[in-house]
Amino acid sequence: MKKLTFVAAMAIAAATMISCGNSTPKANLKTDVDTMSYAIGLAQSNGLKEYLVDRMSIDTTYMNDFIKGLNDGANAGDNKKKAAYYAGIQIGQQIANQMIVGINREAFGDDSTKTISLKNFMAGFVAGTTGKGQKMTMDQATQTAQAKMQQIKTETAMKEFGPNKTAGEKFLADNAKKADVKTLKSGVQYKVIKVGSGAMPKDTSMVKVHYEGKTIDGQVFDSSYERKDPVTLRANQVIKGFTDALVHMPVGSVWEVYIPQDLAYGERQQGKIKPFSALIFKVELLGIEK
């Protein structure tokens, strides 16, 4: 799960401001200090309206309410009680408009009918902020959040893309029965198109390959052959199933490789590749760079 951070609030320099309630302060530039104060205030507001709209989702219909809050904050001075309250308001808004929205999107995708529990989120957030009443340690919270997020994402994806998993499992089960198809310990299957006689790379080796990837229905999603440009990559920096095939291939080999979905992209969508898709690659190992 991605680490969530607060959006830093834009700092607004307040020079000298009289108490104004809901109204916009009236400029009165009688002295150099007055003029300087006004100029600083104006300069510091550069881009603020765009920030309010784009980053804080403020509706400009309610700018008078923003000005009221702005005046209240500026006139609070160093009143620590008010400062704490205003900080709570600001972070609470960020939780509602940014954090919860982002978490829901990560957990439930485009399903707008699903949401996490705001009540429980806030219970955990307040416990962590105050250090009181925590039901788990911070490390436990991080691990639990990651594990539960992964579980929920998988369950969400399964509801829509479960048939891909079923189709892939059937394809691999049938494919494994073919006389010219072999299966590695990991579950990756392969058929030798051309026998190579060179060295076999390690998972840390830089290798030069030509490849074509397609889904089990024959849709090509990537091909170095089409680009007429072999790829140099580290063997362990691709999907696990691809790595497993590479480290069993002698240089000069051409294999057709069949990769189960859990050794490919699993519940993630990757470009044209739908979640839980088993993949087929034609892989030509041209050489080991180092």
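In which loop does Phe276 lie? In this predicted model, Phe276 sits in the loop that runs between strand E6 (254-259) and strand E7 (279-288). The phi angle of Phe276 is near 65°, a positive value in a residue other than glycine. Most residues other than glycine have a negative phi. Phe276 is also buried, because its relative accessibility of 4% is under the 20% limit.

A positive phi is found at Lys228 as well, where the angle is near 55°. Lys228 is likewise a residue other than glycine. Its place is the loop between helix H7 (224-227) and strand E5 (231-234). Lys228 has a relative accessible area of 72%. That value is over 50%, so Lys228 counts as exposed. The two loop residues thus fall into opposite classes: Phe276 is buried, whereas Lys228 is exposed.

The overall architecture was examined next. The protein has 8 helices and 7 strands. Its radius of gyration is 29 Å. A compact globule of 290 residues would have a value near 19 Å. Along the principal axes, the C-alpha atoms fill a box of roughly 90 × 45 × 35 Å. Of the 290 residues, 27% count as buried. The accessible surface comes to about 18,800 Å². Carbon and sulfur atoms account for 54% of that surface.

Contacts and charges complete the overall description. Among contacts between residues at least 6 apart in sequence, 67% join residues at least 24 apart. The protein carries 38 positive and 29 negative charges. The mean positions of these two sets are 4 Å apart.

Aromatic side chains were then considered. The structure holds 8 aromatic pairs. One of them joins Phe242 and Phe281. A pair of aromatic rings is described by the distance of the centres and the angle of the planes. For Phe242 and Phe281, the ring centres are 5.0 Å apart and the planes stand at 90°. An angle over 60 degrees counts as edge-to-face, so this pair belongs to that class. The pair links distant parts of the chain. Phe242 belongs to helix H8 and Phe281 to strand E7, with their positions 39 residues apart in sequence. Both partners lie under the 20% limit for burial: Phe242 has a relative accessibility of 6%, and Phe281 has 5%. Phe242 and Phe281 also form one aromatic cluster with Tyr211 and Phe221.

Helix H8 spans residues 240-246 and includes Lys240. Lys240 counts as exposed, because its relative accessibility of 63% is over 50%. Helix H8 therefore holds both an exposed residue, Lys240, and a buried one, Phe242. Lys240 and Thr166 are 74 residues apart along the chain. Their C-alpha atoms are separated by 20 Å.

Two further positions lie in the earlier helices and their connections. Thr60 is found in the loop between helix H2 (48-54) and helix H3 (63-75). Thr60 counts as partly exposed, because its relative accessibility of 38% falls between the limits of 20% and 50%. Leaving aside residues up to four places away in sequence, Thr60 touches Lys49 and Val53. The C-alpha atoms of Thr60 and Lys119 are separated by 29 Å. These two residues are 59 residues apart along the chain.

Gln90 is found in helix H4, which covers residues 80-108. The relative accessible area of Gln90 is 27%, and the residue is partly exposed. Gln90 and Gly266 are 176 residues apart in sequence. In space, the two are 38 Å apart, C-alpha to C-alpha.

Conventions. Residues are numbered from 1 along each chain as its sequence is written. This is a predicted model: local features need pLDDT of at least 70, side-chain atom pairs count only at pLDDT 80 or more; totals for chains, interfaces and linings use all residues. Side-chain values use heavy atoms; hydrogens and water are left out. Helices (H or I, at least four residues) and strands (E, at least two) are DSSP runs, numbered from the N terminus. Buried means under 20% relative accessible area, exposed over 50%, partly exposed in between (1.4 Å probe, protein chains only). The radius of gyration is taken over C-alpha atoms; the globule rule is 2.2 Å times the number of residues to the power 0.38. Contact means heavy atoms within 4.5 Å. Accessible areas come from the Shrake-Rupley method with a 1.4 Å probe; for residues, only the protein chains shown count as cover. Lys and Arg count as positive and Asp and Glu as negative; His and the chain ends are not counted. The place of a charge is taken as NZ of Lys, CZ of Arg, CG of Asp or CD of Glu. Rings of Phe, Tyr and Trp (its six-membered ring) pair if their centres lie within 6.5 Å; planes under 30 degrees apart count as stacked, over 60 as edge-to-face and the rest as tilted.
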